[in-house]
Amino acid sequence: MAKYAAAIDQGTTSTRFMVFDHSGGVVAIDQKEHEQIFPKAGWVEHDPMEIWTRTQEVIAGCLKKNNIDPSEIAAVGVTNQRETTVVWDKRTGQPVYNALVWQDTRTDKLCDELAKGHGQDRFRASTGLPIATYFSGPKIAWILDAVHGARKRAEDGELLFGNIDTWVIWNLTGGPNGGVHVTDVSNASRTMLMDLKTLSWDKANCDAIGVPMAMLPAIRASSEVYGEAKGELAGIPVAGDLGDQQAALFGQTCFSAGEAKNTYGTGCFVLLNTGETPMASNNGLITGVGYKIGDQPASYMLEGSIAITGALVQWLRDNLKMIDSAPEIETLAAEVEDNGGVYFVPAFSGLFAPYWKSSARGVIAGLTRFNTRGHIARAVLEATAWQTREVVDAMEKDSGVELKALKVDGGMVANELLMQFQSDVLGVPVIRPVVAETTSLGAAYAAGLAVGFWDRVEDLRENWQEDARFTPKMDKAKVASEYAMWKKAVTRTFDWLD
């Protein structure tokens, strides 16, 4: 009898396979990083074949080192870095080009062309999204135009498109030998190609952006059986699919309108469940689909997407060699009492929510000879908290809902200095769950619900447990003063590129 539900979590820097028991506890995990490819400034790529290899390795490694028989797993779900775009040959399974990662900005000129005469909100009424390099649609068009003959092959039905969820599920269910070509509503809502209300591909948008509809996957619910796995997981239902941030919303059991979470990973993503009706944003947020369980109505969300948070700590480690490992930043930042007047705005890929300025670039402001490595480290951590504050402010304006508390998850939530500062600048409790990796948990939950391993979402709510709660301690006048300085620093990043 099945005892577990499992998830493939294919993220921006690594792939993991996690196994959970019925209480939502972690039973087993294996994880491997993959290469980050930077061909030019602003270009970020992954090798899709390497990602699929790492996926197979972590599945095999997790099962073997924990002596788990695949027959003990009820179902497997998939969660993924969302807008990262793959185009591949349906017959051979070979990508025609490297995956264009969500951070990649090479489609900036195409996005400018799409907005010309229409404005950045040309597709917002149907998709909930501004025109930005972030999303998949323009990335698909770029690949089709950059690779000789690719556009005609796509129009003839020889090439397939998918975000990483689609790529993994297609390979997991057989690839060229009967692989299922699907995505779910949460991932489809990140392409600039799906109509939010009908939950189907919008032909007018596809034509305008230059994406042949023949290459698009079928759009399905986030929790339903898509097919059976092959290989190490042979015969196990593949039954859950959620973009990573929506998976974290699901894993944090934010099933009611007004519940919110923030995931601290490569970037930061604040999501607010808005119920069964899409809510338009007038303050720089994204409207999207949170999830859809089987035949039930879709649940929608407002999202504030921040491009660079944990990636800034990696940059400090890998590019500046200021620390040897990511956890060291907390020790370094704790050497000083405050930021010493330093503000670091990491607009490495432009600014995402609430500004959406692709021409912005990173700035360190307020430096004097007084400043030390500790002040830089502190400014790096504080940048995550300030960016989150800006998004929460926009969310409250759009929704009319005042945030009472913020559930948090992801790798950076182990940093207690950051979590305390986040509570200080938001002025509300920040709550960390026992299982911090709620992205994987959400995908496992979606898969388990689809096959009856869990009967209803209320069962999942009962699994959620609090690990730590951080409450505001900083003087409100000091918060306001420092927030004003942060806002001033942000303006210095604007229009750096012509």
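This dialogue walks through several features of a predicted model.

Visitor: Where should I begin, and how much of strand E1 is buried?

Guide: Let us begin with burial. A residue counts as buried when its relative accessible area is under 20%. In strand E1, residues 4–10, 7 of the 7 residues are buried, so the strand is largely enclosed by the rest of the structure.

Visitor: Which residues of E1 lie on one side, and which on the other?

Guide: Tyr4, Ala6, Ile8 and Gln10 lie on one side, while Ala5, Ala7 and Asp9 lie on the other. Both faces are covered, since these residues are all buried.

Visitor: Which strands are joined to E1 by bridges?

Guide: Strand E5, residues 73–80, runs parallel to E1 and is joined to it by 6 bridges. Within that pairing, tyrosine 4 has isoleucine 73 as its bridge partner. Strand E2, residues 14–20, pairs with E1 in the antiparallel sense, again over 6 bridges. There, glutamine 10 stands opposite threonine 15. A hairpin of 3 residues connects E1 to E2.

Visitor: In what order do the strands of the open sheet stand?

Guide: The open sheet has 7 strands, in the order E17-E18-E16-E15-E21-E22-E23, and its pairing is mixed. At the edges are strand E17 (286–291) and strand E23 (466–470), each of which pairs on one side only. On average, neighbouring strands of this sheet are turned by 30° against each other, direction ignored. As one example of a pairing, E17 and strand E18 (residues 299–306) run antiparallel and share 5 bridges. Tyrosine 291 stands opposite serine 299 of E18 in this pairing.

Visitor: How should I read a nonpolar core, and which residues touch the most other members of the largest one?

Guide: The general idea is that in soluble globular proteins, nonpolar side chains tend to be buried together. In this model the largest nonpolar core has 132 residues, and Tyr134, Met215, Phe250 and Tyr264 touch the most other members. Helix H12, residues 373–399, supplies the largest share of this core, with 12 residues. Apart from it lies another core of 33 residues, among them Ala6, Ala28, Val58 and Ile164.

Visitor: What does tyrosine 264 touch?

Guide: Leaving aside residues up to four places away in sequence, its contacts include Thr384, Thr388, Leu406, Val408, Met412 and Gln422.

Visitor: Which residues of helix H10 are buried, and what covers them?

Guide: In helix H10, residues 310–318, the buried residues include Gly310, Ala311, Leu312, Val313 and Leu316. Their cover includes helix H11 (328–333), strand E19 (343–345) and H12.

Visitor: At what angle do helices H9 and H14 pack?

Guide: Helix H9, residues 244–251, packs against H14 at an angle of about 75°, and their axes are 7 Å apart. Angles of 65 to 115 degrees count as roughly perpendicular. H9 and H14 are therefore roughly perpendicular to each other. Among the residues making the contact are Ala247, Ala248 and Phe250 of H9 and Leu441, Tyr445 and Leu449 of H14.

Visitor: How should I read a salt bridge, and how many does the structure hold?

Guide: In general, side chains of opposite charge can pair when their charged atoms come close. The structure holds 32 salt bridges. One of them is formed by arginine 16 and glutamate 437, whose closest N and O atoms are 2.9 Å apart. This pair links distant parts of the chain, 421 residues apart: arginine 16 is in strand E2, and glutamate 437 is in the loop between strand E22 (430–433) and helix H14 (438–451).

Visitor: Are these two partners buried or partly exposed?

Guide: Arginine 16 has a relative accessible area of 12%, so this residue is buried. Glutamate 437 has 24% relative accessibility and therefore counts as partly exposed.

Visitor: Which residues form the salt bridge between helices H16 and H12?

Guide: Lysine 487 and glutamate 390 form a salt bridge, at 3.4 Å from N to O. Lysine 487 lies in helix H16 (residues 476–491) and glutamate 390 in helix H12, so the pair ties together parts that are 97 residues apart in sequence. Lysine 487 is partly exposed, with a relative accessible area of 35%, whereas glutamate 390 is buried at 5%.

Visitor: Which residues are linked in a network of salt bridges?

Guide: The network links Arg82, Glu83, Arg190, Asp244 and Glu303. Within the network, arginine 190 and glutamate 83 meet at 2.7 Å, N to O. Both arginine 190 and glutamate 83 are buried.

Key: Residues numbered from 1 in each chain as written. Predicted model: local features only at pLDDT ≥ 70, side-chain atom pairs only at ≥ 80, totals over all residues. Heavy atoms only, no water. Buried < 20%, exposed > 50% of the residue type's maximum accessible area, 1.4 Å probe, protein only. Helix = DSSP H or I, 4+ residues; strand = E, 2+ residues; numbered from the N terminus. Pairing = 2+ DSSP bridges. Core = buried A, V, L, I, M, F, W, Y, C linked by side-chain atoms within 4.5 Å. Contact = heavy atoms within 4.5 Å. Salt bridge = Lys/Arg side-chain N within 4 Å of Asp/Glu carboxyl O. Axes fitted to C-alpha atoms, helices over the stretch in contact; angles between N-to-C directions. Parallel < 35°, antiparallel > 145°, perpendicular 65-115°, else oblique.
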